[in-house]
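Dear colleague,

I am passing on to you the structure below, together with an account of what turned up in it. Please read the account with the sequence and the coordinates at hand.

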Amino acid sequence: MRVEIKIDSAYKEPKILILTDSVTDEINNIARSLSSDTSQIIAGSRNNKVEVLEPKSLIRIYANSGKVFAVTKDGEYTLRLRLYEIEKRLDPHQFVRISNSEIINLKQVKNFDLNFTGTICVRLSDEATTYVSRRYVAKIKKILGM
């Protein structure tokens, strides 16, 4: 992808134009992130305190028993947002959904074990192990260039 910036005093506010031969997921993600007014802040609560969580510190976000949790190296936090709302706030190049109930930070993955038939085992930086559901295996393999 080429990026071109032109300085022109005739424009009082920035204008973004995307030229492409077809609309792809990448183009949709770029357009969505550029036009997004959604807050990028993710707040988690732990021990009756609310903390702002830095996306780079997130290891995984998962849903369990109707609640959503975020795991960082500092511990586990309860989130008030739904998983799909959090997914919209996170960088799609760094965070990927691996099942209907879990999102992982690709930069916090130690390794992917492909020895399991039909699924992928993921070992994270906090030594936790999780699994990619069959529905998301093709997406993960594409991300990994397989």
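The side chain of threonine 130 is in polar contact with the side chain of glutamate 102, at 2.6 Å, and I should say at once that this comes from a predicted model. Threonine 130 belongs to strand β10, which covers residues 129–132, while glutamate 102 belongs to strand β7, which covers residues 102–105. Threonine 130 counts as buried because its relative accessible area is 8%, under the limit of 20%. If residues up to four places away in sequence are set aside, threonine 130 touches Ile98, Glu102, Ile104, Ile120, Cys121, Val122 and Leu124. As for a position further off, aspartate 91 is 39 residues from threonine 130 in sequence, and their C-alpha atoms are 21 Å apart in space.

Glutamate 102 deserves a paragraph of its own. Is glutamate 102 buried or exposed? With a relative accessibility of 6%, glutamate 102 counts as buried. Its side chain also makes a polar contact with the side chain of arginine 60, again given as 2.6 Å. Beyond the residues up to four places away in sequence, glutamate 102 touches Arg60, Ile61, Tyr62, Leu83, Val96, Arg97 and Thr130, a list that includes the partners of both polar contacts described above.

Arginine 60, on the other side of that contact, is found in strand β3. Its relative accessible area is 17%, and since anything under 20% is taken as buried, arginine 60 is therefore placed among the buried residues. Arginine 60 also lies over the face of tyrosine 62, at 4.2 Å from the ring centre. The residues that arginine 60 touches, not counting those up to four places away in sequence, are Phe69, Ala70, Val71, Glu102, Ile103, Ile104 and Leu124. On the subject of rings, a search of the whole structure finds one aromatic pair.

Turning to the nonpolar interior, the largest nonpolar core has 13 residues, and those with the most contacts inside it are Ile42, Leu53, Leu58, Ile61, Leu79, Ile86 and Leu90. At least two residues of this core come from each of β3 (58–64), β4 (67–72), β5 (75–79) and α2 (83–89). There is also a second, separate core of 12 residues, which includes Ile59, Val96, Val109 and Val137. To return to one residue of the largest core, leucine 53 is in contact with Ile42, Gly44, Leu58, Ala70, Tyr77 and Leu79, once its neighbours within four places in sequence are left aside.

For the chain as a whole, the secondary structure comes to three helices and 10 strands, and along the sequence these follow the pattern α-β-β-β-β-β-α-β-β-β-β-β-α. The C-alpha trace spans about 55 × 40 × 25 Å along its principal axes. Of the 146 residues in the protein chain, 29% are buried, and the chain exposes about 10,700 Å², of which carbon and sulfur atoms supply 49%. Among contacts between residues at least 6 apart in sequence, 38% join residues at least 24 apart.

Two loop residues call for a remark on the backbone. Most residues other than glycine have a negative phi. Asparagine 48, however, has a positive phi of about 60° although it is not a glycine; asparagine 48 lies in the loop between β1 (42–46) and β2 (49–53), and it is exposed, with a relative accessible area of 86%. Glutamate 127 likewise has a positive phi, of about 70°, without being a glycine. Glutamate 127 is placed in the loop between β9 (120–124) and β10, and with a relative accessible area of 42% it is partly exposed.

Finally, there is lysine 12, which lies in the segment before α1 (25–35). Lysine 12 is exposed, with a relative accessible area of 79%, and its side chain reaches the backbone oxygen of serine 9 at 3.3 Å. Lysine 12 and glutamate 102 are 90 residues apart along the chain, and their C-alpha atoms are separated by 43 Å.

With kind regards

Conventions. Residues are numbered from 1 along each chain as its sequence is written. This is a predicted model: local features need pLDDT of at least 70, side-chain atom pairs count only at pLDDT 80 or more; totals for chains, interfaces and linings use all residues. Side-chain values use heavy atoms; hydrogens and water are left out. Rings of Phe, Tyr and Trp (its six-membered ring) pair if their centres lie within 6.5 Å; planes under 30 degrees apart count as stacked, over 60 as edge-to-face and the rest as tilted. A charge sits over a ring if NZ of Lys or CZ of Arg is within 6 Å of the ring centre and within 35 degrees of the ring normal. A nonpolar core is a set of buried Ala, Val, Leu, Ile, Met, Phe, Trp, Tyr and Cys residues joined through side-chain atoms within 4.5 Å. Buried means under 20% relative accessible area, exposed over 50%, partly exposed in between (1.4 Å probe, protein chains only). Helices (H or I, at least four residues) and strands (E, at least two) are DSSP runs, numbered from the N terminus. Contact means heavy atoms within 4.5 Å. Accessible areas come from the Shrake-Rupley method with a 1.4 Å probe; for residues, only the protein chains shown count as cover. A polar contact is a pair of N or O atoms within 3.5 Å; within protein, one must be able to donate a hydrogen and the other to accept it, and residues adjacent in sequence count only if both atoms are side-chain atoms.
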